Amino acid sequence: QVQVVESGGGLVQPGGSLRLSCAPSGTIFSISVMGWYRQSPGKRRELVASITVGNRTNYADFVKGRFTISRDTAKNMVFLQMSSLKPEDTAVYYCLINPGGFWGQGTQVTVSS
């Protein structure tokens with residue numbers, strides 16, 4: 001049973017930075033796309049950023065220029081570098097690995113002074 005584990009969340013002041021990490025606990029063959037999503041209370045889960053095996057990236061408009069997604073293909077890890085954080089970025093951030101639709105348990109990011 002493959003589990004996806006996120007880490008790196010926490011409390012940060014507005015304007016600060018955090019780096020999220022994600023890795024599967026088992027083997028997933030032929031990973032094609034890895035992505036980060038987020039969900040705030042009362043809102044639907046939304047895409048933040050994704051990256052393909054060819055390192056093609058896609059970002060939600062609300063994070064362009066502030067967040068950077070990257071991956072370590074050899075380790076099957078994906079990262080999300082978040083800068084210039086805003087209070088509205090507060091959410092639980094989830095990692096998704098495809099194929100297979102493997103979701104992590106989420107990591108809380110809180111942006112508050």
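Which residue lies over the face of phenylalanine 79? Arginine 19 takes that place, at 4.1 Å from the ring centre; a charge is taken to sit over a ring if NZ of Lys or CZ of Arg is within 6 Å of the ring centre and within 35 degrees of the ring normal. The model is a predicted one, in which local features need pLDDT of at least 70 and side-chain atom pairs count only at pLDDT 80 or more, while totals for chains, interfaces and linings use all residues. Residues are numbered from 1 along each chain as its sequence is written, and side-chain values use heavy atoms, with hydrogens and water left out.

We can turn to the strands. Helices (H or I, at least four residues) and strands (E, at least two) are DSSP runs numbered from the N terminus, and two strands pair if DSSP finds at least two bridges between them. Strands of a sheet pair through backbone hydrogen bonds, either parallel or antiparallel. Four strands make up an open sheet in the order β1-β3-β8-β7, and the pairing is antiparallel. At its edges lie β1 (4-7) and β7 (67-72), each of which pairs on one side only. On average, neighbouring strands of this sheet are turned by 15 degrees against each other, direction ignored; the axes are lines fitted to C-alpha atoms, for helices over the stretch in contact, and angles run from 0 to 180 degrees between N-to-C directions. Four bridges hold β1 against β3 (residues 18-24) in the antiparallel sense, with glutamate 6 opposite cysteine 22 of β3.

A further set of pairings involves β9 (residues 91-98). Seven of the eight residues of β9 are buried, so this strand is largely enclosed by the rest of the structure; here buried means under 20% relative accessible area, exposed over 50%, and partly exposed in between (1.4 Å probe, protein chains only). With β4 (residues 33-39), β9 pairs in the antiparallel sense over seven bridges, and tryptophan 36 has cysteine 95 of β9 as its bridge partner. An antiparallel pairing over three bridges also links β9 to β11 (residues 107-111), where tyrosine 93 stands opposite threonine 107. Two bridges join β9 to the antiparallel β10 (residues 102-103), and isoleucine 97 is matched there with phenylalanine 102. β9 and β10 form a hairpin with three residues between them, and glycine 100 in the turn has a positive phi of about 110 degrees.

Two of the cysteines named above meet again in a covalent link. With a disulfide defined as a pair of cysteine sulfur atoms within 2.5 Å, the count comes to one. This disulfide joins cysteine 22 to cysteine 95, with an S to S distance of 2.0 Å. The two residues are 73 apart along the chain, cysteine 22 in β3 and cysteine 95 in β9. The torsion about their S-S bond is about -75 degrees, so the disulfide is left-handed. Both cysteine 22 and cysteine 95 are buried.

The aromatic side chains offer another picture. Rings of Phe, Tyr and Trp (its six-membered ring) pair if their centres lie within 6.5 Å, and planes under 30 degrees apart count as stacked, over 60 as edge-to-face and the rest as tilted. Two aromatic pairs are counted by this rule. Tyrosine 37 and tryptophan 103 have ring centres 5.1 Å apart and planes at 65 degrees, so the pair is edge-to-face. Tyrosine 37 is in β4 and tryptophan 103 in β10, 66 residues apart. Partly exposed positions are found for tyrosine 37, at 22% relative accessible area, and for tryptophan 103, at 37%. Tyrosine 94 and tryptophan 103 are also edge-to-face, because their centres are 6.4 Å apart and their planes at 85 degrees. Tyr37, Tyr94 and Trp103 thus appear as one aromatic cluster. Tyrosine 94 counts as buried, at 13% relative accessibility, and the charged end of arginine 45 sits over its ring, 3.6 Å from the centre.

Charged pairs complete the account. A salt bridge requires a side-chain nitrogen of Lys or Arg within 4 Å of a carboxyl oxygen of Asp or Glu, and four are counted. Among them, arginine 38 meets glutamate 46 (3.0 Å, N to O). Aspartate 89 forms a salt bridge with arginine 38, with the closest N and O atoms 2.9 Å apart, and another with arginine 66 at 2.7 Å, N to O. Salt bridges that share partners join Arg38, Glu46, Arg66 and Asp89 into one network. Within the network, aspartate 89 is buried at 0% relative accessible area, whereas glutamate 46 is partly exposed at 29%.
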